[in-house]
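Please look at the sequence and the structure first, and then follow this report from the binding site to the sheet and the core.

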Amino acid sequence: MTQIQGSIAVVTGGASGIGRGIAEQLIAEGASVVIADLDADRVVEVANEIGATGVAVDVSDADSVSRLAEQVMAQFGRVDIVVNNAGVGPEGRMIDLTLDDWHWVMNVNFYGVVHGVHAFLPLLLKNVNGGHIVNTASMAVFLPLEGLGAYVASKMGVLGMSQVLHDELASDGSNVHVSVLPPGPVRTNIKNSLRHRPEGLGGNLTDVDLESNDAAADLRWIDPIDAGRIVTRAIRNNDFLAITHPEWWPLIDARNQVTQASFEKYPPAVYD
Ligand SMILES: NC(=O)c1ccc[n+]([C@@H]2O[C@H](COP(=O)([O-])OP(=O)(O)OC[C@H]3O[C@@H](n4cnc5c(N)ncnc54)[C@H](O)[C@@H]3O)[C@@H](O)[C@H]2O)c1
């Protein structure tokens with residue numbers, strides 16, 4: 001189990017929304033936190049507001065994430081908790097997506113997590129006390145939504161690689177642990193994701209504001225600090241899944257039953 005009190009934690013996407021909520025909760029529980037974000041001005045402002053260290057990073061760039069890891073090691077000498085949370089959530093139906101659209105979403109949401117694991121896992125494994133990796137996915141991995149094809153693909157990738165990493169570390173008897181945060185609706189700035197799109201990258205993705213959408217009005221929207229509390233609970237209890245909306249299980253179970261029906265439709269070794 002990873003001790004939060006006195007730990008050194010890194011949170012990507014920490015200048016806004018869920019990342020900021022996680023950082024604030026980690027600080028409240030006694031961690032020293034580095035928030036890292038593409039928004040170079042905002043990350044310093046937020047760091048000053050919440051008592052963290054702010055570092056500019058582009059998680060889609062492996063070298064940028066490696067420099068972040070070097071900076072954390074130079075300043076603190078070790079790292080205990082890494083939260084790969086930075087992400088974008090624009091919308092576009094599959095027929096309209098350009099390859100630039102796909103690359104942007106995959107580079108931030110999927111490769112951003114890969115780069116975080118690649119840069120920080122060796123440092124966590126060298127830490128005699130072990131540590132904890134938290135990767136942010138989405139409830140959409142369990143309940144895929146139309147219009148979010150690239151997003152869902154990126155987040156399913158995060159869930160899949162996190163599960164394998166969790167299992168490999170457990171098989172090795174490692175004291176490095178892995179959790180996934182698959183949030184349901186959280187009030188954040190994800191509705192303004194296009195602001196992070198690299199200049200010169202074309203495409204048809206648009207911002208989607210689910211919070212102001214009548215169809216989503218009845219959903220239970222939570223605040224980022226609550227997502228932060230759910231994440232620290234998962235770290236303290238070493239839970240693989242940090243669930244924000246447990247009441248959604250019947251919807252997920254209904255999808256599982258459709259999958260089960262496919263498995264049961266034909267007996268084994270029957271091909272027509
Ligand atoms: N808000 C929700 O309802 C919700 C639901 C499911 C999953 N999520 C996930 O939660 C995570 C956080 O999103 P949020 O809702 O807090 O949105 P947000 O826009 O408030 O915060 C995302 C942060 O990531 C940063 N970022 C974007 N691209 C980056 C890059 N290339 N490198 C470094 N930082 C980058 C942004 O500057 C921003 O500060 C994302 O991975 C998102 O997919 C959010």
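A helix here means a DSSP run of at least four residues, and helices and strands are numbered from the N terminus. The structure is a predicted model, and with that in mind we can begin with the surroundings of the ligand.

Around the ligand there are 29 residues, and the closest of them are Gly 13, Ser 16, Gly 17, Gly 87 and Thr 188. Helix H1, which covers residues 17-28, supplies the largest share of this shell with three residues. Sorted by class, the shell holds twelve nonpolar, 14 polar and three charged residues.

We turn next to the sheet. Strands of a sheet pair through backbone hydrogen bonds, and this pairing is either parallel or antiparallel. In this model an open sheet is built from six strands in the order E3-E2-E1-E4-E5-E6, and the pairing is parallel. Its edges are formed by strand E3 (53-56) and strand E6 (176-181), each of which pairs on one side only, and neighbouring strands of the sheet are turned by 15° against each other on average when direction is ignored.

Strand E5, residues 131-136, pairs with E6 in the parallel sense over six bridges. The table lists two residues together with the residue that each one faces in E6.

| Residue | Residue in E6 |
|---|---|
| His 132 | His 177, bridge partner |
| Val 134 | Ser 179, standing opposite |

Is the edge strand E6 enclosed by the rest of the structure, or is it open? Six of the six residues of E6 are buried, so this strand is largely enclosed by the rest of the structure. Val 176, Val 178 and Val 180 point one way from E6, while His 177, Ser 179 and Leu 181 point the other way, and all of them are buried. Helix H6, made of residues 224-237, lies across strand E4 (81-84), E5 and E6, and runs at about 150° to E6.

Finally, we come to the nonpolar core. The largest nonpolar core contains 64 residues, and those with the most contacts inside it are Ala 9, Val 10, Val 33, Ile 35 and Val 231. Helix H4 (residues 99-126) gives the most to this core, namely nine residues. If residues up to four places away in sequence are not counted, Ala 9 touches Leu 26, Ala 31, Val 33, Asp 80, Ile 81 and Val 83.

Definitions and conventions:
Residues are numbered from 1 along each chain as its sequence is written. This is a predicted model: local features need pLDDT of at least 70, side-chain atom pairs count only at pLDDT 80 or more; totals for chains, interfaces and linings use all residues. A residue is near a molecule or strand if its C-beta atom, placed from the backbone, lies within 6 Å of it. Ala, Val, Leu, Ile, Met, Phe, Trp, Tyr, Cys and Pro count as nonpolar, Asp, Glu, Lys and Arg as charged, and the others, Gly among them, as polar. Two strands pair if DSSP finds at least two bridges between them. Axes are lines fitted to C-alpha atoms, for helices over the stretch in contact, and angles run from 0 to 180 degrees between N-to-C directions. Two residues are in contact if their C-beta atoms, placed from the backbone, lie within 7 Å. A nonpolar core is a set of buried Ala, Val, Leu, Ile, Met, Phe, Trp, Tyr and Cys residues joined through C-beta atoms within 7 Å. A residue is buried if 20 or more other C-beta atoms lie within 10 Å of its own, exposed if 12 or fewer, and partly exposed in between; C-beta atoms are placed from the backbone.
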